[in-house]
Amino acid sequence: MKRLGFVFFILISTSGFAQYQYYENGLKEYKAENYDKAIILFTQYFLKPGREAKTDVEVYYYRGLSFFKKEDYKRTIGDLNESIALGHPNKGNIHWFLAQSNMKLGLYGQAVNEYSQAIPVLSGDKATHSKLLYERALAYEKLADYDLARKDLQAAAKLTPSDRAIQQELKNVGTAATTTQPKTVSNSPSDRPAEYIQPQPDKTPPPQKEVSQPVNTPVVVSTATSLAQIYAGEKRYALVIGNSNYTKEVGPLKNPVNDATDVAKELENSNFEVQLITNATYIQMREAMRKFHQKLSGGPRDQTVGLFYYAGHGVQYEDENYLVPVDAIVKYEDDIVRMCFPAQRMVLSSMENSNSRMNIVVLDACRNNPFPATSRSVSSGLAEMKKARGSFIAYATAPGSVASDGSGRNGLYTQELLKALRKPGLTIEQVFKEVRLNVMRLSGDRQNTWDSSNIVGDFYFKFN
């Protein structure tokens, strides 16, 4: 047993070392200005489990900078936000990169927010502080907030009175010269925040400052193509269920069949092999789950992704979420366990016990309790499920909350999910953040979507 344990330890250590090599090699390519190759290597780092998680912060940081050098600002924002969330020490400059990325995308309000977070951190250097104020003023001008723009320009002029660009902008702010042809932040090396080379995780001296380099103009291969190459061997399987035709006692629903049909079509456009069933009985749901599990178990280990989508009635009973088949007849509490489909025990656990590297579960089932007779024991909405290995679980509303059925073809949640799924280059986290933002906006903040995750690695529904 001791020998086996030692062999197991060696295998884990070797796997972790191989993952770390992707980071090291990616960093070398980044320093050599081979940003496409760096992106590929950094992405490969995330693909397999068993890595040193403490290195993630650096990989997100340098992949984000690589995207920035390639002028792929949406991916820049996604990765640099992850690096901040993980506690990267170069926080001030990261906010500056984020501000410039948002400016390039025309997201001027968000750019102002990022500049406002960068300024307190980087204000120790007068020239840097002045440049940040000047750039934030340009963002304010884009928003037609000329008073705040003028205030920033006046402060910048005091810090660097010899700066002609600031003086000229101060003269023109709010006039036709700025309103007809507003300026944008330059992407030249001299106008970018400084970058830092972080030491290897097993060494802890302070970070070294790296001199910014010009953007590399020759393109080896496009980023979108590179991502498609990285995930070329990935197998994607989805089980999509939509239940609408419930009995009068349970309450029929308008949208779920439409929701499931539209989601299935969109997933097929994202290279999923989809099994779609609508108005399913308990036996049909169980049989579909068995076939789904076979697909996931037969896929290549660490290159298989499973997605389960359900729209219809759902109930929370004794800390388990149950999906309601169309043939469910529930008059007493124990009928729920016998007649309904347990999401944690029969969906998530089944996906976990397969070759899937990532298990995505989407539940648009947070409607009112369909079984009034059991109202004392059945809670509103759904419970937050215990996360299985490599799982991303998304709910139409926050745990314990409910959402009404939609008035159009799709429910509000799935309507916004379909839009987000069609956007190329977004990670799974970015897709569901966009869904949340739009659902909250369209519902007047009454419906707050929810997701929980312990996934490792990245996943993109669409590469280009």
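E266 is buried in this predicted model, its relative accessible area being 7%. The side chain of E266 takes part in a salt bridge with R422, in which the closest N and O atoms are 3.0 Å apart. Because R422 belongs to the loop between α16 (412–421) and α17 (428–442), whereas E266 belongs to helix α12 (residues 256–269), this pair ties together parts of the chain that are 156 residues apart in sequence. The points below take up the two ends of this pair, then other salt bridges, and then a sheet with a helix lying across part of it.

**The pair E266 and R422**

- The two partners differ in their surroundings, since E266 falls in the buried class at 7% relative accessible area, while R422 has a relative accessibility of 44% and therefore counts as partly exposed.
- Side chains that carry opposite charge can pair when their charged atoms come close.

**Other salt bridges**

- The count of salt bridges in the model comes to 18, and among them is a network in which R63, D79 and D458 are joined through salt bridges that share partners.
- D152 forms a salt bridge with R136, with the closest N and O atoms 2.6 Å apart, and this pair links distant parts of the chain, as D152 sits in helix α8 (residues 146–159) and R136 sits in helix α7 (residues 126–142), 16 residues apart.
- Both D152 and R136 are buried.
- D72 and R75 also form a salt bridge, for which the distance between the closest N and O atoms is 2.5 Å, and both D72 and R75 are buried.

**The six-stranded sheet**

- Six strands make up an open sheet with mixed pairing, and their order across the sheet is β4-β3-β5-β9-β11-β12.
- At the edges of this sheet are β4 (273–278) and β12 (450–453), each of which pairs on one side only, and from one strand to the next the twist averages 10 degrees.
- Within the sheet, strand β9 (residues 356–364) and strand β11 (residues 391–395) run parallel and are joined by five bridges; one residue to look for here is V361, whose bridge partner in β11 is I393.

**A helix across the sheet**

- Helix α15 (residues 343–352) lies across three strands, namely β5 (304–311), β9 and β11.
- The direction of helix α15 is at about 160 degrees to that of β9, the strand that is also joined to β11 by five bridges.

Notes
Residues are numbered from 1 along each chain as its sequence is written. This is a predicted model: local features need pLDDT of at least 70, side-chain atom pairs count only at pLDDT 80 or more; totals for chains, interfaces and linings use all residues. Side-chain values use heavy atoms; hydrogens and water are left out. Two strands pair if DSSP finds at least two bridges between them. Helices (H or I, at least four residues) and strands (E, at least two) are DSSP runs, numbered from the N terminus. Axes are lines fitted to C-alpha atoms, for helices over the stretch in contact, and angles run from 0 to 180 degrees between N-to-C directions. Contact means heavy atoms within 4.5 Å. A salt bridge is a side-chain nitrogen of Lys or Arg within 4 Å of a carboxyl oxygen of Asp or Glu. Buried means under 20% relative accessible area, exposed over 50%, partly exposed in between (1.4 Å probe, protein chains only).
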